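Subject: Structure handover

Hello,

Here is the structure you asked about. Please open it next to this email and follow along.

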Amino acid sequence: QPAHQDLYPENILFLAEDQPYVILVDQQSSRVYIYRNNAGDLQLETDYFITIGLKGYGKQKRGDQTTPIGVYHVTRYIDGTELPDLYGEGAFPINYPNTWDLRKQRTGAGIWIHGTPSYTYNRSPWASDGCIVVSNPDFLQIDKYIEPDLHTPVVVAEEVNWISHEQWQAKRQQVMQLLSGWLIDWESLDHEKYRQHYSRSGLNAYGRDFKSWDGHKRWVNRKKTWVEVEYSNLSIFNYPGEENLMLMQFEQNYRSNNLNLESPKELYWRKLDTQWQIVYEGSRTCPVPDSKIVEN
């Protein structure tokens with residue numbers, strides 16, 4: 001049993017009800033952990049040895065032979081019979097570059113979880129061009145936990161920070177207060193309170209900076225008599241590789257006196273001094289399958 005059997009990964013605070021599993025990659029220790037969503041609690045199912053990029057982690061640009069750090073989702077499954085022998089039993093592409101990578105102007109594509117060539121069992125810990133590689137027997141096991149149709153989340157950390165169950169619960173409570181506060185202030189139609197949740201510098205809210213967003217929201221809400229916002233299938237991640245960055249993903253159900261809208265949503269929050277503020281708000285698009293074979 002791993003030393004942290006009874007500890008929790010700080011990166012995963014909430015997992016959507018429709019996600020039975022989450023994949024957690026710890027690049028420092030060359031391990032991938034599979035967690036089961038046990039009615040909202042996280043239960044360690046199993047773990048495997050992995051190989052990562054030849055030059056380590058923190059992918060920035062095409063061809064740098066490093067593995068990304070971030071929160072990703074599986075886009076599809078590719079059977080090994082459709083691939084060169086290098087990829088072994090098969091592959092699960094993930095959606096690198098994601099929204100945050102694009103914001104950071106990171107380039108490259110074709111990052112997959114895949115097997116090993118038939119002539120080898122395992123590769124050394126740092127040996128891929130950026131992909132996450134497992135042995136073929138392990139790939140066939142992992143296959144049971146990944147559901148491409150559900151876009152299984154893959155959290156790729158440089159090093160996982162393990163915390164106690166009490167600490168984990170306390171962090172969950174804090175982020176729920178944050179989410180609730182934002183929704184309450186939105187529903188109150190008190191724009192001065194609502195705008196406090198958004199960062200004045202570097203905000204991208206549906207493509208608008210703070211000034212543009214602020215003016216647009218004032219204009220939109222002038223004819224609102226009431227607003228109700230509910231969410232479902234909530235996932236919350238402490239974003240790996242970034243200090244004080246958090247990602248929330250959920251289905252949003254917005255109702256008001258003149259508009260009803262259901263949409264998949266993602267929010268990136270950054271903590272500045274003592275206050276968490278939204279730095280990115282957008283519609284969460286389903287990850288697009290990556291047609292490239294070569295990782296780069």
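Which residues line the largest cavity? They are Ile-23, Val-25, Val-32, Ile-50, Ile-113, Ile-132, Val-134 and Ile-142.

First, the ground rules. This is a predicted model, in which local features need pLDDT of at least 70 and side-chain atom pairs count only at pLDDT 80 or more, while totals for chains, interfaces and linings use all residues. Residues are numbered from 1 along each chain as its sequence is written, and side-chain values use heavy atoms, with hydrogens and water left out.

**Cavity and pocket**

Both are found on a 1 Å grid over the protein atoms alone. In a cavity, a 1.4 Å probe fits but cannot get out. A pocket is an open set of points with protein on both sides within 12 Å along at least five of seven lines. Lining residues have an atom within 4 Å of a point. Points are joined across faces, edges and corners, and a volume is the space filled by probe spheres set on them.

The count is one cavity of 30 Å³ or more. Its lining has eight nonpolar, no polar and no charged residues (nonpolar: Ala, Val, Leu, Ile, Met, Phe, Trp, Tyr, Cys, Pro; charged: Asp, Glu, Lys, Arg; polar: the others, Gly among them).

The largest pocket holds about 460 Å³. It has 22 lining residues, and Glu-10, Lys-171, Asn-238, Asn-244 and Trp-276 lie nearest its centre. Helix α3 gives the largest share of the lining, four residues. By class, the lining has nine nonpolar, six polar and seven charged residues.

**The open sheet**

Helices (H or I, at least four residues) and strands (E, at least two) are DSSP runs, numbered from the N terminus. Two strands pair if DSSP finds at least two bridges between them.

Six strands form an open sheet, in the order β2-β16-β17-β18-β19-β15, with mixed pairing. β2 and β15 stand at the edges with a single partner strand each, so one side of each has no neighbour in the sheet. β18 and β19 run antiparallel and are joined by eight bridges. Arg-270 has Gln-277 in β19 as its bridge partner.

**Strand β9**

β9 covers residues 90–93. Gly-90 and Phe-92 on one side, and Ala-91 and Pro-93 on the other, are all buried (under 20% relative accessible area, 1.4 Å probe, protein chains only). β9 pairs with β8 in the antiparallel sense over two bridges. It also pairs antiparallel with β10, over three. There, Ala-91 stands opposite His-114.

Best wishes

How values were computed: Buried means under 20% relative accessible area, exposed over 50%, partly exposed in between (1.4 Å probe, protein chains only).
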